[in-house]
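Here is a friendly walk through one protein chain, best read with the viewer open beside the text. Turn the model as you go and look up each residue when it comes up.

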Amino acid sequence: MNAAPPGLVIFDCDGVLVDSEAIANRVFGRMLAGQGLVLDDAQMDELFLGRTMAHCLALVVERLGGPLPADFEAEHDRQLFDALAAELAPVPGVVQMLDGLALPYCVASNGGPDKMRFSLRRVGLLPRFEGRLFSAAHVARGKPAPDLFLHAAGRMGVAPAACVVVEDSPAGVAAGVAAGMRVLGFAARTPAVRLREAGAHRVFTSMDALPALLDERVPNAV
């Protein structure tokens, strides 16, 4: 049965709007190796992709069997921001996609507000999202809980069922599904099967394909 167009598109930030995942993995992985925890890229994605920093650090402490240095998080943030400032770029095709997007949109990220604003400013996207940035810091539980997406929809004045989420992580996909939203999984980096297993209603690999998916009028199409 045909349905109305989406009332709101909710974008994740890292890996969907800004091409940051490889940079973040490199910085975090190097610092973890310095603590004796050596992980390859696939393991980094499996453990940390789309999760809050608090969740990631708790998992690291569990795996190490002891606490991290008191300045670990601050030093991580310093190194990450330096790397993002030097290397960060928008996800290929995202600027052109946003140029043609007539629907209301916002961003909802497990990243902190400062990092989200820094990243979007670095690639020239911040003016497009000003006043429509929502972080896990604003809610009790980050993704994969639905809280952040429900918060964003509520602040934007759109019913969850009228929202479409664009996500690149299984945790983010699961959060969108739990919020009762249609979820489009962006599989440019994440294996498509992982996004489908998390519940993505459609999976795509290029931003060029997103406008047609947003035009689909059948919710929860597979």
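## The loop before helix H8

Pro144 sits in the loop that runs between strand S3 and helix H8. The model you are looking at is a predicted one. Within this loop, the peptide bond joining Lys143 and Pro144 is cis, with omega at about 20°. For context, most peptide bonds are trans.

Lys143 shares this setting: its loop links strand S3 (133-135) with helix H8 (147-156). Is Lys143 buried or exposed? With a relative accessible area of 4%, Lys143 is buried, because the cut-off for that label is under 20%. Its side chain makes a polar contact of 3.1 Å with the side chain of Asp12. Beyond residues up to four places away in sequence, Lys143 touches a list of partners that includes Gly50, Arg51, Ala108, Ser109 and Asn110. Leu148, Phe149, Glu167, Ala171, Gly172 and Ala175 are also among the residues that Lys143 touches.

## Helix H8 and what follows

Moving on into the helix, Asp147, Leu148, Phe149, Ala152 and Ala153 are the buried residues of H8. What do these buried residues pack against? Their partners are strand S1 (8-11), strand S2 (105-109), S3, strand S4 (163-167) and helix H9 (170-178). Two of the buried H8 residues, Leu148 and Phe149, are touched by Lys143 as well.

After H8 comes Gly157, which has a positive phi near 75°. Ala159 then lies in the loop between H8 and S4. Ala159 is partly exposed, at a relative accessible area of 47%. Its C-alpha atom is 36 Å from that of Ala85, and the two residues are 74 apart along the chain.

## Cys163 in strand S4

Cys163 belongs to strand S4, and at 1% relative accessibility it counts as buried. Which residues does Cys163 contact, leaving aside neighbours within four places in sequence? They are Leu8, Ile10, Ala153, Val158, Met181 and Arg182. Ala153 is one of the buried residues of H8, which have S4 among their packing partners. Pro191 is 28 residues from Cys163 in sequence, and their C-alpha atoms are 24 Å apart in space.

## Helices H1 and H2

Now turn to another part of the chain, where helix H1 (residues 21-34) packs with helix H2 (residues 41-48). How are these two helices oriented? Their angle is about 100° and their axes are 11 Å apart; H1 and H2 are therefore roughly perpendicular to each other. On the H1 side, Asn25, Phe28, Gly29 and Leu32 take part, and they meet Asp41, Met44, Asp45 and Phe48 of H2. By type, the residues of this contact comprise four nonpolar, two polar and two charged.

H2 has Met44, Asp45, Leu47 and Phe48 as buried residues. The packing partners of its buried residues are H1, helix H3 (53-64) and helix H10 (192-198). At the N-terminal end of H2, Asp40 acts as a cap, with a side-chain oxygen 3.2 Å from the backbone nitrogen of Ala42. Just after H2 comes Gly50, with a positive phi of about 80°. Gly50 is also among the residues that Lys143 touches.

## Leu37 between the helices

The loop between H1 and H2 holds Leu37, which counts as buried at 12% relative accessibility. Leaving aside neighbours within four places in sequence, Leu37 contacts Leu32, Val60, Arg63 and Leu64. Leu32 is also one of the H1 residues that meet H2. Leu37 and Arg63 are 26 residues apart along the chain, with their C-alpha atoms separated by 7.9 Å.

## Cysteines without disulfides

How many disulfides does the structure hold? The number is zero. Cys13 is in no disulfide, and the nearest cysteine sulfur, in Cys106, is 12 Å away. As a reminder, a disulfide is a covalent bond between the sulfur atoms of two cysteines. Why is Cys56 not bonded to its closest cysteine? The sulfur of Cys56 is 15 Å from the closest cysteine sulfur, in Cys13, and that is too far for a bond.

Cys13 counts as buried at 1% relative accessibility, and Cys56 counts as buried at 5%.

Methods
Residues are numbered from 1 along each chain as its sequence is written. This is a predicted model: local features need pLDDT of at least 70, side-chain atom pairs count only at pLDDT 80 or more; totals for chains, interfaces and linings use all residues. Side-chain values use heavy atoms; hydrogens and water are left out. Helices (H or I, at least four residues) and strands (E, at least two) are DSSP runs, numbered from the N terminus. Buried means under 20% relative accessible area, exposed over 50%, partly exposed in between (1.4 Å probe, protein chains only). A polar contact is a pair of N or O atoms within 3.5 Å; within protein, one must be able to donate a hydrogen and the other to accept it, and residues adjacent in sequence count only if both atoms are side-chain atoms. Contact means heavy atoms within 4.5 Å. Axes are lines fitted to C-alpha atoms, for helices over the stretch in contact, and angles run from 0 to 180 degrees between N-to-C directions. Angles under 35 degrees count as roughly parallel, over 145 as roughly antiparallel, 65 to 115 as roughly perpendicular and the rest as oblique. Ala, Val, Leu, Ile, Met, Phe, Trp, Tyr, Cys and Pro count as nonpolar, Asp, Glu, Lys and Arg as charged, and the others, Gly among them, as polar. A disulfide is a pair of cysteine sulfur atoms within 2.5 Å.
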